[in-house]
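Colleague: Please select a single part of this model for a close look, and explain to a first-year student how that part is placed within the whole. I should be grateful for one connected account.

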Amino acid sequence: MTRRGFIVAAEFKFVVHAASGAARQGEIRTPRGTIRTPAFMPVGTVATVKALYPDQVKASGADIVLANTYHLMLRPGAERVAKLGGLHPFMQWQGPILTDSGGFQVMSLSKIRKITEEGAEFQSHLDGSRHMLSPERSIEIQCLLGADIQMQFDECIALPAERSEIERAMQLSLRWAARSQDAFAQRAQPGQALFGIVQGGTDATLRRQSAEALVAMDLPGYAVGGLAVGEGHEAMLYTLESVMPFLPETKPRYLMGVGTPQDLIEAVARGIDMFDCVLPTRNGRHGLAYTWQGRVNLKNACHQEDAAPLDLKSSCPPARQYSRAYLHHLVKSGEYLGAMTLSWINTVFYQDLMAEMRAAIANGTFVSWKEETLARIVRTPPDNAA
C-alpha cells in the first residue's frame with residue numbers, strides 16, 4: 001500500500017538502508033506514513049508548528065511532527081481532542097505524530113511541582129489548577145490524542161546536578177518506564193509505538209545502566225533524554241558516545257530536544273536517527289535565520305540596505321526572492337510576516353539539511369560531507385553576530 005510515494009505499513013517497523021561510519025540512513029514505517037531517517041521533527045507543542053500552516057510544514061520535507069502531552073492536557077484537554085476525532089484531524093496533519101510525555105515540562109515547573117513515586121503533582125502555569133501526571137495518565141493522554149509514537153513518562157533534571165540526584169531520577173524513570181509500558185499495552189492501537197528514554201546525566205555508568213534496563217524491555221525505539229539542559233556541546237557528544245554501544249542497531253534512536261545544525265550533524269555521525277527542537281521557529285520569530293553560509297541575524301543594521309537575497313541555495317522561495325533589506329525591515333517593524341517567513345525559511349533549512357545527510361550516507365560520502373558542511377554553516381559572519 002502506498003501514499004504519496006511512501007510505503008504505508010500495517011505496523012511500526014524500522015529499516016536501515018545504508019550506513020556511513022556510525023551514521024545510518026533508513027526509514028520508520030508506520031500506518032500513517034513513512035518517516036525518512038535521519039529525521040528532524042518540527043515542534044508543534046500545542047497542535048501547531050508556530051507561524052506555519054500544516055501544508056508548509058509538509059512541503060518543507062517533514063514526515064512527522066511533535067506535539068506535547070503537558071500543554072495539550074491543560075488546553076484544550078486530551079478528552080476534548082479525542083471527542084473531536086484525535087490530534088491528526090484536529091491540527092490537519094495526516095502524517096505521523098510523536099508526543100512528548102510531559103516530563104521535560106514538569107522539570108521546568110520545579111517551583112510549582114512535587115515528584116513522588118506516583119508521579120508529578122504540579123500547578124498549571126495557565127490558571128494555577130493542580131494536576132497529577134503519572135506514567136498511566138501520561139500514556140492515557142497520548143492515546144487519547146492518537147499519537148503514533150509515544151514517549152514513556154520520565155523525570156528529566158537540569159544539569160549540572162549531584163550524581164546521587166541523577167541516579168535517583170534515572171532509577172525512578174526506569175520504574176516509570178515499566179508502568180508506561182503496562183499502560184500502553186492496555187490502551188494503544190495497532191501500529192502505535194512506545195519509546196523508552198535513557199537518562200543518567202553525563203555519567204557513562206548511569207547511562208549504560210539505564211540503556212541496558214530499557215533494552216531488556218524490548219521497546220520499539222529508544223530516546224536519549226536529559227541533554228541540552230545545561231551540560232554543554234562537548235559533554236553532550238561524550239554522553240552520546242558512551243550510550244550508543246548499548247542501544248540496539250535494529251531500533252530507531254531519538255535525541256530529544258536537540259538542537260543546532262552542528263548538534264544534528266555531530267549526533268547523526270554518532271548514530272542518532274531522530275531529532276526535535278524549537279530552534280528553527282523560535283529563532284525565526286526573533287530574527288535569526290539559518291543559511292548554508294551560517295547564521296544571519298537580520299536585526300543587525302548591516303542588512304538595512306542589502307539588496308542580496310538571504311540564501312540562494314535554499315529550497316524555500318522567500319530565502320531566494322526576498323532581499324535581506326526587506327527581511328530586516330519586517331523584523332525591525334515587528335511585522336507578522338517577518339516571523340512567518342523566517343520560521344518557514346528555517347524549517348526548510350533544517351529539512352534540507354536532513355535530506356543532504358540522508359543522501360550523503362546513502363552515497364557513502366557522509367564523512368567528507370560533514371567536514372565540508374560544518375566548515376560552511378557552523379559560523380556566524382562577524383557582521384551578523386547574534
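Modeller: The protein chain of this predicted model exposes about 15,800 Å², of which carbon and sulfur atoms supply 51%. Of its 386 residues, 57% count as buried. The chain contains 15 helices and 18 strands. Its radius of gyration is 20 Å, close to the 21 Å that the globule rule gives for 386 residues, so the chain is as compact as a globular protein of that length. Taken along the principal axes, the box filled by its C-alpha atoms is roughly 60 × 50 × 50 Å. Among the contacts with a separation of 6 or more, 66% are made by residues 24 or more positions apart. That last figure is worth keeping in mind, for the part chosen here offers several examples of it.

The part I have chosen is helix α14, which comprises residues 336-363. This helix has 28 residues, and the distance from its first C-alpha to its last is 41 Å, close to the 40 Å expected at 1.5 Å a residue. Just after α14 comes glycine 364, with a positive phi of about 75°.

Within the helix, two residues deserve separate attention. The first to consider is serine 343, which has its place in α14. Is serine 343 buried or exposed? With a relative accessible area of 0%, serine 343 counts as buried, because the cut-off for that class is under 20%. Leaving aside its neighbours within four places in sequence, serine 343 touches Lys50, Ala51 and Leu52, and also Pro280, Thr281, Gly284 and Arg285. By contrast, glycine 85 lies 258 residues from serine 343 along the chain, and their C-alpha atoms are separated by 29 Å.

The other residue is methionine 357. When its neighbours within four places in sequence are left aside, methionine 357 is in contact with Leu264, Ile265, Val268, Phe366 and Trp369. Met357 also belongs to the largest nonpolar core, which has 55 residues. Together with Leu240, Leu255 and Phe275, Met357 is one of the residues with the most contacts inside that core. A second, separate core has 25 residues, including Leu52, Met73, Leu74 and Ile141. Leu52 has already appeared in this account as a contact of serine 343. In soluble globular proteins, nonpolar side chains tend to be buried together.

Ile141, named in the second core, leads to another helix, α6, which spans residues 135-145. The buried residues there include Pro135, Ser138, Ile139, Ile141, Gln142, Cys143 and Leu145. Just after α6, glycine 146 takes a positive phi of about 85°.

Beyond α14 in the sequence lies helix α15, residues 366-377, which holds arginine 376. Arginine 376 has a relative accessibility of 31% and therefore counts as partly exposed. Its contacts, apart from neighbours within four places in sequence, are Trp292, Gln293, Gly294 and Lys313. Although arginine 376 and glutamine 293 are 83 residues apart in sequence, their C-alpha atoms are 5.4 Å apart in space.

One of these contacts, Gly294, brings us to a pair of strands. Strand β17 (residues 288-291) and strand β18 (residues 294-297) run antiparallel and are joined by four bridges. The two strands form a hairpin with two residues between them. Leucine 288 has asparagine 297 of β18 as its bridge partner, while tyrosine 290 stands opposite arginine 295 in that strand. Both faces of β17 are covered: Leu288 and Tyr290 are buried on one side, and Ala289 and Thr291 are buried on the other.

To return to the chosen helix, α14 runs from residue 336 to residue 363. Serine 343 is buried in the model, and its contacts include Leu52 and Arg285. Met357 is among the residues with the most contacts inside the largest nonpolar core.

Key: Residues numbered from 1 in each chain as written. Predicted model: local features only at pLDDT ≥ 70, side-chain atom pairs only at ≥ 80, totals over all residues. Heavy atoms only, no water. Pairing = 2+ DSSP bridges. Core = buried A, V, L, I, M, F, W, Y, C linked by side-chain atoms within 4.5 Å. Buried < 20%, exposed > 50% of the residue type's maximum accessible area, 1.4 Å probe, protein only. Contact = heavy atoms within 4.5 Å. Expected span 1.5 Å × (residues − 1). Rg over C-alpha atoms; globule rule 2.2 N^0.38 Å. Areas by Shrake-Rupley, 256 points an atom, 1.4 Å probe, with all protein chains shown as cover.
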